[in-house]
Structures are given as structure tokens and as C-alpha cells.
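Student: Please take one part of this protein and walk me through it slowly. I'd rather get to know a few residues well than hurry past everything.

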Amino acid sequence: MGGLFGGTMKAGKPQYTGIQIQTSTSTLPVPLIWGMNRSGPNLIWYGDFKANKKKQKAGKGGGQKQEYYVYSASLAMALCEGEIEGIGRVYIDQAEESETSFASTGYTLFVGSDPQSPWGYLTSKHPSEALNYPGVAYLAIANYDLGQSAALPQHNFEVKGLQYNSAEIGTGDADSAIIIDEFLTDPQFGAGFPAASIDYDQLYSTGAAPTPGDSTFQTYCRAMGFAMSPVLASQEPASSILDRWARLMNSAIVWTGEKLRFIPYGDEVQTGDGVTYLPETQVRYTLGDGDYVSDAGSDPVIMRRSDPAEAYNSLRLEVRDRDNQYNDAPVDWKDQDLIENYGQRPEASFKATEITELDMASRIVSLMGQRKAYIRNEYDFSTAASYILCEPMDIIEIYDPSWGLMPVRIKEITEQENGDLAFLVEEFPEGVGSTSGFGTQSNAGGGQNQATPPGPVNEPLIFEPPLAMTGGVAQIWAAVSGGDGTDYGPFWGGANVYLSLDDVTYQQVGIVESPARMGVLTADLDPYGGANPDTVHTLAVNLLQSNGELLSVSSVDAANAVTICYVDGEYIAYQDATLTGVAQYDLDTLYRALYGSTAGSHLAGTKFARLDENVFKLNLQANYVGQTVYIKLQSFNLWGIATEDLADCIVYEFIPDGGGLPTAPTGFAAVGGYQQNSMSWETDAQGVSGYNVYAYHGTSTDFNDATFLRTTQVPSFIHVGLTDTDTWTYWVTSTTIGGESLPAGPETATTVTP
């Protein structure tokens, strides 16, 4: 009865006699944290646990008193190796507190300096336990309020660790080159690797990167916007850690026999964060038949060609999203073309908690995926010891009669017992080691508006390529890109291509999924009448409208028109591409007037396009030739939505000629036989769909006397059913989708008597 009228009710929970601990393990390694990442602490000391009885009134009228306990304890929690920069955000039982609230938590931070003063609370209360923990960053708090549970809440801290923000990209991440150096050689926590065995000239920037640029690992990472924030909290072989970091940074680890090197796979000039990376793509050696060592009768170069159906065509990178409290986030890469042709073949997910920025992760996973999908062929061969100066990651050229001269990258070199060198190399296709990524939306609240309009396309470059470039198939090509310098530019994702013959009814004929590398000339290009290559003139271009990149190539590739470009009707290939500004290049060692074009004069401001797989190509139907074709390019944004209204799209007009009139057949001859005449000829015309044979019964030199006889698809014809000593005169023309050539002939033949 007393409970109803103001007595005392015992507490519903028992009184705890000790703290309930989240983590306290004496055998855990001290974590290593670079950059800025989230990490949980390890309880290294607690004491002065207190249970304080409390009473409060309860029940009707507030007369009843209820007893309960609240608890507190003093504690210290280790974070990682020091010396760290500080603490950012605090996460307690999944609740995030802002960076400015860290001081309000009551914790004292010891950054891990050496020497380091002990915690003053322990010095005064428990002097025998007052350790200074030199080189270890830890947090301490006295009389921490545990509430009524006596359980220590789950703590996580955003640690501003070693080399915080040394990457200088404004995210808090650490410079990858510095991380690797400290991981291997730091006297406090390093792996004990001798510093004298690291090629520091290749690891760190030479100081020239902001001006002419260099090819070091540090410059590559900065130019690409690559950095890391590793948390090494468990035992793992140092070799596997380095392998993971090298793959994330699109680089290879090379031991030369004397020095350890980290060499990027990047194969294009890259400018970013105030530095320029210059890839080492120059060819070290060119090997021919006389350089290989092989058994008699065996092929000196062995190719291991992998089936594209077996290549990985999708990859998932699992990273931590800094914008979403460092929760795990997947970033995917896929090659849709390979998937559509062979089905999806995903590689196992790659865990990369070192990466905390999703945009950075998109570039990394793209490069990782491209290497798996596109570099499929390897080659084995042996040479004499004279090529001992070759090293892994060098670019060389190898020759084989089956495929000609080919650039390759060295993967391994093994010295044989007889002194010969066994090489394992991989193919070196242009552009696979470079990417601009594809953008990834953060999982944090809000995010980019996916309905952002794409804006219109830039004015496209529409033309008919020579039939020699298309295998004889008449086509219309269009270089298309998006973003006109407005705020819409970054969100342009592609365009639907519509065609019409009356500017009323439009039909979709294709999709542009990637911007062409297009722009304008920034200086006049003068005519040239000499032999190729043209080493006198420079083709200066600005590709800012398409954010395009150009790469230097070997002399062999340039001579074979691998870098073919279009400039106002002239087809030009280049060997050397020198970056002169943001998306601006000087192109030198030019191959002019290719595919029958003229090496004319081109003024500054003339449109330019690099003719690659991103150029839209449409087979030309016969009924298009000679007519005005109306073209609309309907933009959509990065997410494939917010498509332009077709009625608002600009109409572009073009009149195709089917590649022009073909040339007349050559070598035309007619020979008489028994009651028949045989004709044969040659032709250099591309895209020939057939040949028209004309004849006159008798002798004539006037084509107007001729009558159409027959169309044939082969360069020969036999005129049968004639009489003995019968004389005929013949002509022949070539036909393409563009029309009919001038006639070859006349040639006269007379049948013979048996």
C-alpha cells in the first residue's frame, strides 16, 4: 500500500558492477591510417566505474518514488599510429556529430607524437598506470556518462591521419607516392624496406611537372586526381597491400634488380591539379626476325590470344563513400558492347576501402575494367643477352609476318641458363590506359538532379568519307559532341540521330553514345606539296568543346594513318601531339592529303575532328544520293533522360553524292574467239557495285553509237552467240551508288573461223 501513497519502488534493473566493453583486445595491431577515413578505437584503459542511485517521482499525483542507476567510467581508447592531424566527424551508435562538436564530447585527443605526455587524469588519480603511449594516437575521457545501461556506446571517428590532405586535391586524402614511401621505409612503422632500393626519381615528381611535365608516379596520380586514405587495421602481407594499391593507381610494381619502381599504365598526356603527366610510350627497341632466338622450324613469336567471350566485361569496386558517413558503396564498370555480344562476365568484386571519393572510384574502376576487357593477347619470344637493358613496362615493337609490326609492353623478362632472355609481353592498344571516368552519384541525401537538361549539341561536322576509308561502302559520317560552353555541358550524355528527306517526317537512324574528339584550328595551316611526312607545318587545334584528348603515336602508326583526322576536306594523320593548354594541342609530323584529298590551306577556326570509333557512321541508301538530307541530333543527359523535344532541335542539311562518280576501268581489252568475244578489265574504284558493258556491231570510235549490252559484277564478260568473222566494238563503265563512270574503250574484236 505504501507504494501507492509515496513509498519507494526498487529499481527495475539490477545494479551493474562493471562496464560493458565494445572492443578491448591486447593482441590487435595498432592501425595505420593515412589521409582521412573512418575507424573504430580499441579500449586500452578504463577505471573508476561508478553506479549512482537516482530517484524520481512517478505514479498518480507524483507521490511514488522510483529508484534507478546511472553509470560512469573513465576510459582511454587507442586510434592508430601517430602523429595524426586531428578528428573530423564523430559517430556514436550510428549518430553523426559534426566536426565542431568533437570538443563538446569531452574527449582529450593525444595525436601520437613521440615523446608524448601521459593523460593528466591518470597522472593524478592512478600514477602507476599513467603511460604515455609514444607514437600512438588515442582519446581519453574522465567520468564518461554511460546512462542507465552501463554499456560503452559504439564509437567511430573520422581520423585525419598521417599525411592528411597531402594529395592537395581538397578531400583530405593522402598522396599515394608518400603513402608507399612511408609504408615501406618509415623507421617507426614501415616494412623495413631499404630506402636506397627505391627509385625515388621515378616515384616523386621532379619539380618539372607544373610546366613541361614529367612521367613520375606522383605526377600521374595528381594529374589523374588519384589519392588514397588507407586504414590498415589487420595483419596482411605487405606484398598484397602494395599489389592492391598499384592496381588502384593503374600502375605496375617493377623490380629492376637494383631499384623498386611504380610505373603507371597511363598512355596519354594528362593534365590536372596543376601538373602534367607525360607517359613513357616511346619505343625502346624494334625487334625483327634477326633478333629472335628460337629452335629451327619453330615460330619465334608465340601468340596467346584469348577469346573475347572469355574476357571479363564488368567489374564492381567496393569503396567507402565519404559523403555518406563512409558506408560501403559499389561503383560499377561495364562494357555494354561486349555484354551484348557475349553475355555478362563479371570479375569478382574488388574491395578498396582506401578510396572514399565516388568520382575518383569511377575513373579507377574504368581503368581496371578496360585492362581486363581490352588487353587480351600476350606474346612469348626469346632474344640474345644483348637486350639486357630492357625492363618490364618498357614499350617495344615486335615484327612477325602474320601481323606485321606491333607495339607491345613488356610484362616479364627471365634470364635463361644459356644467357638468353625470355620475354612475356602484352599488346599495347592506344587509349586503354586512359579514361575520363563516367561519374557516379553520391549515396548521400539529395545528390545531382538527374533531370538536368543536357543542352543542345555543338554544331556537328557532317561529311562523306572516301570509299577507300569505308571498304567501298558509301556512308555519311558525323562528329558530334555536347555542351556549348554553358552550364549544360557537363551533363550532356549523347544524342539520338534522326533523318528526313522532306524536313517533315523524321526517322531515328542511330544513337551517339560518346562525344567525338572535335574542335577547331587555332592557327592557319598552310598548303603542302612535298612528300610525306610534312615536318614543316604544325596543325594547332583546340578540343575544349568536346573535352577531347590526343595522344602521340609511333612513326609506323602515323604512316599507317592510325591517327586520321578531318580538316575541311583534307584527311591528315599526325605522329606527335604536344599539349599546349587545356584541351589544346600542336600536332606535328603530319601525313597530308591522304585518301586522295588535297593538302590545301585551312584557316584558324576551321572545324577539326579525330576520326575514331566515336564518330557516327550511317550507310548511305541509294535514294539519298543527290538529295538534301535533313538531320536532327536530339540530346539526352548523362542518365539517358531529360531528352530534348525533337521539335526544338536544330535542322542540319547535307547533300550526299555517294562518294562521287567512280573512275573508269583500266586495262580494258577485247579478244575475238569462236563465235564469241571475250573482254576483261581492271578497276581501282572503291564501292563499285557493277560494270555496264556497251557494244556497237561494227567498228566505231563514238560512244554515242553504242547500245547497252549487259551489267556484270565481275571485271570480265564474254559476248556469245556471234557468227564467224563478226566484228564488234565495246566500251565498259563502273557503277557505284554515286553514279556511272566515263567509259573505257573503244576496243574492237572480231570472231575467228574455227
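Tutor: Let's begin with L638, which counts as partly exposed because its relative accessibility is 47% (buried is under 20% relative accessible area, exposed over 50%, partly exposed in between, with a 1.4 Å probe and protein chains only). This is a predicted model, where local features need pLDDT of at least 70 and side-chain atom pairs 80 or more, while totals for chains, interfaces and linings use all residues. Residues are numbered from 1 along each chain as its sequence is written, and side-chain values use heavy atoms, without hydrogens or water.

Back to L638: you'll find it in the loop that joins β36 (629-637) to β37 (651-654). (Helices, H or I and at least four residues, and strands, E and at least two, are DSSP runs numbered from the N terminus.)

Now set L638 against Y691, which sits in strand β40 (residues 690-696). Y691 has a relative accessible area of 6%, so it's buried. It also has a partner from further along the chain: S734 is 43 residues away in sequence, yet the two C-alpha atoms are 4.6 Å apart.

Helices can be hidden too. Eight of the eight residues of α4 (residues 217-224) are buried, so the rest of the structure largely encloses this helix. That buried set is F217, Q218, T219, Y220, C221, R222, A223 and M224. Just after α4 comes G225, with a positive phi of about 75°.

Next, look at α5 (238-248). Its buried residues are I241, L242, R244, W245, A246 and L248. After α5 comes N250, and its phi is positive as well, near 55°. Follow A246 across to I180: 66 residues along the chain separate them, but their C-alpha atoms are 9.6 Å apart. I180 belongs to helix α2 (residues 176-185), and with 2% relative accessibility it counts as buried.

α5 also helps to line the second largest pocket, supplying at least two residues. (On a 1 Å grid over protein atoms alone, a pocket is an open set of points where a 1.4 Å probe fits, with protein on both sides within 12 Å along at least five of seven lines; lining residues have an atom within 4 Å of a point.) Its volume, the space filled by probe spheres set on the points, is about 780 Å³. Of its 30 lining residues, Y265, R371, K372, K411 and E426 are the closest to the centre. β12 (251-255), α7 (358-374), β21 (377-383) and β23 (404-415) each give at least two lining residues too.
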